[in-house]
Amino acid sequence: MSQYGRALFATRRVPAGSRFLEIPRIAIITPENVPSQVSHLLSTSNPKTRLSLFLLSEKHKAQESQWAPYLRCLPQLGDIESTMFWKAEELAWLKHSPTYRETMECLKIIKSEFHLLTLANKQVFPWCRDALGEVSLTDFMHAYSTDQIPFADFFNHDHNCQTRLSYDKEKDCAVAVADQDYKAGDEIFLSYGSTPNSILAVDYGFAVASNPHEQVEVPMGVSLTDPLRDLKLQTLSRHNMSTDLNDDGSPSGRKRFTFRDSDLAERGSMAVAPLRAFARLICAESYEDLQEMSEESLTHDVFYALSPRRDERKESEAVSFVRTQIKQQVDQHSKALKDLDDDREIPLSRKSILRNILTGELRVLRNLSCITCL
Ligand SMILES: C[S@@+](CC[C@H](N)C(=O)[O-])C[C@H]1O[C@@H](n2cnc3c(N)ncnc32)[C@H](O)[C@@H]1O
């Protein structure tokens with residue numbers, strides 16, 4: 001056992017560069033494993049749903065399943081800390097973090113997949129009940145959030161580690177190559193990817209302190225009451241800055257700008273150029289102003305914020321709008337972190353996830369507000 005629960009340890013020296021793990025395809029659960037009886041159920045091509053159904057059908061076979069010894073090792077429902085399983089009041093701490101949106105989007109997909117499954121199970125192929133048994137939404141969520149590569153899913157994540165799982169097509173197996181020397185008894189880690197805490201929290205139920213891949217989102221929106229809204233949305237779309245779509249396919253007028261520390265360090269003020277450009281448009285006060293921006297764009301590319309607007313007052317209004325949005329996020333994160341310390345209800349494991357997420361995001365937001373052009 002390691003500090004993160006079960007783990008993989010070297011039983012002898014593993015030199016850097018050596019291929020220390022090979023998992024043949026036959027031992028990997030893939031979407032093709034789904035038996036045709038179950039696969040008929042699926043009007044979905046979502047591979048995670050297919051894998052979840054495979055797990056559920058094998059679990060239903062209990063000891064008869066050839067995967068039973070493996071299935072017994074997988075985390076039980078209560079062991080999974082994914083934010084998908086959090087209560088609404090726990091999730092509310094993350095209202096201003098991308099984790100909240102990621103969690104909601106994931107739940108939406110799962111619920112709609114489950115709905116399809118229930119429909120198919122009840123109405124179209126009643127006989128499939130034999131294959132799966134009675135499956136509740138929670139059972140389905142549990143299967144959906146479970147990894148399915150025997151052995152490899154006992155690797156814990158270290159963002160400093162360069163070892164990744166890859167696939168050797170010739171040998172038809174998943175492989176891992178040591179990124180450093182390990183001696184007998186050392187825990188061997190894997191990198192789950194350049195993954196921000198918002199994704200780790202939803203997919204795996206943990207978040208790391210000082211995550212170098214942390215990212216934040218700064219939301220911007222053209223107000224519903226803005227008399228120039230339609231014109232602004234058309235202008236945005238003309239400049240490849242279309243806003244998110246509503247469920248009915250219409251433009252919402254809202255756009256999320258994502259920032260990572262590495263991006264800010266590499267690209268500096270260019271990283272915030274689209275945010276500034278959007279703010280210029282939001283702050284435009286009249287039809288003439290929009291026209292002026294379009295003309296300036298021809299010579300100065302103001303839509304991509306390569307140069308400031310000629311009118312200094314207008315430019316500083318846009319920049320101050322951006323600053324206000326970022327400051328709001330900084331204040332919301334700081335307040336949540338402060339209030340979190342006083343909360344006695346939330347379990348300690350979740351408190352630690354929350355603290356890692358909010359602290360990491362606050363760091364990126366502060367770096368964002370230090371960009372010189374802001
Ligand atoms: C793929 S499993 C790894 C095996 C796991 N430790 C177990 O006992 O089954 C992923 C889980 O391990 C834990 N974990 C892995 N890396 C971690 C890390 N860097 N920090 C905290 N928890 C981690 C989380 O609970 C995560 O959901």
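What share of the 374 residues in the protein chain is buried? Buried residues make up 29% of them. The model is a predicted one, and every value below is computed from it. The chain has 14 helices and seven strands. Along the principal axes, its C-alpha atoms fill a box of roughly 75 × 55 × 50 Å.

A good place to enter the structure is helix 2, residues 47-60. At 1.5 Å a residue, its 14 residues should span 20 Å, and the end C-alpha atoms are in fact 20 Å apart, so expectation and model agree. Of these 14 residues, 10 are buried, and helix 2 is therefore largely enclosed by the rest of the structure. The buried residues of helix 2 are Thr49, Arg50, Leu51, Ser52, Leu53, Phe54, Leu55, Leu56, Ser57 and Glu58. After the helix comes Ala62, which has a positive phi near 50°.

In soluble globular proteins, nonpolar side chains tend to be buried together. Here the largest nonpolar core has 30 residues. Those with the most contacts inside this core are Ile110, Phe140, Ala201, Ala207 and Ile357. At least two core residues come from each of helix 2, helix 5 (98-124), helix 7 (137-144), helix 8 (197-203) and helix 14 (348-369). Helix 2 gives the most, with five residues.

Helix 14 can be checked in the same manner as helix 2. Its 22 residues should span 32 Å at 1.5 Å a residue; the end C-alpha atoms lie 31 Å apart, which agrees. Buried in helix 14 are Ile353, Leu354, Asn356, Ile357, Leu358, Gly360, Glu361, Val364, Leu365 and Leu368. One of these, Ile357, is also among the core residues with the most contacts. An α-helix has 3.6 residues a turn, so residues three or four places apart point the same way.

Next come the strands. Strands of a sheet pair through backbone hydrogen bonds, either parallel or antiparallel. Three strands of this chain form an open sheet in the order 1-4-3, with antiparallel pairing. Strand 1 (19-24) and strand 3 (165-168) are the edge strands, and each pairs on one side only. Neighbouring strands of this sheet are turned by 30° against each other on average, direction ignored.

Within that sheet, strand 3 and strand 4 (residues 173-177) run antiparallel and are joined by four bridges. Leu165 has Ala176 of strand 4 as its bridge partner, and Asp168 is partnered by Cys173. The two strands form a hairpin with four residues between them. Asp172 lies in the loop between strand 3 and strand 4. Its phi is near 55°, a positive value in a residue other than glycine. Asp172 counts as exposed because it has 12 C-beta neighbours inside 10 Å, and a residue with 12 or fewer is classed that way.

Further along, Asp181 sits in the loop between strand 4 and strand 5 (189-190). Is Asp181 buried or partly exposed? With 13 C-beta neighbours inside 10 Å, Asp181 counts as partly exposed. Its C-alpha atom is separated by 19 Å from that of Phe154, and the two residues are 27 apart along the chain.

A second antiparallel pair is made by strand 6 (residues 215-221) and strand 7, which are joined by seven bridges. Among the partners, Val216 is bridged to Phe259 in strand 7. Strand 7 (residues 254-260) has two unlike faces: Lys255, Phe257 and Phe259 make up the covered one, and Arg254, Arg256, Thr258 and Arg260 the uncovered one. The bridge partner Phe259 thus belongs to the covered face. Asn240 lies in the loop between helix 9 (229-238) and strand 7. Asn240 has a positive phi near 55° and is not a glycine. It is exposed, with 9 other C-beta atoms within 10 Å.

Last is the ligand, which is surrounded by 15 residues. The closest are Tyr4, Gly5, Arg6, Asn156 and Phe206. By class, this shell has eight nonpolar, four polar and three charged residues.

How values were computed
Residues numbered from 1 in each chain as written. Predicted model: local features only at pLDDT ≥ 70, side-chain atom pairs only at ≥ 80, totals over all residues. Near = placed C-beta within 6 Å. Nonpolar A, V, L, I, M, F, W, Y, C, P; charged D, E, K, R; others polar. Expected span 1.5 Å × (residues − 1). Buried ≥ 20, exposed ≤ 12 C-beta atoms within 10 Å, placed from the backbone. Pairing = 2+ DSSP bridges. Axes fitted to C-alpha atoms, helices over the stretch in contact; angles between N-to-C directions. Core = buried A, V, L, I, M, F, W, Y, C linked by C-beta atoms within 7 Å.
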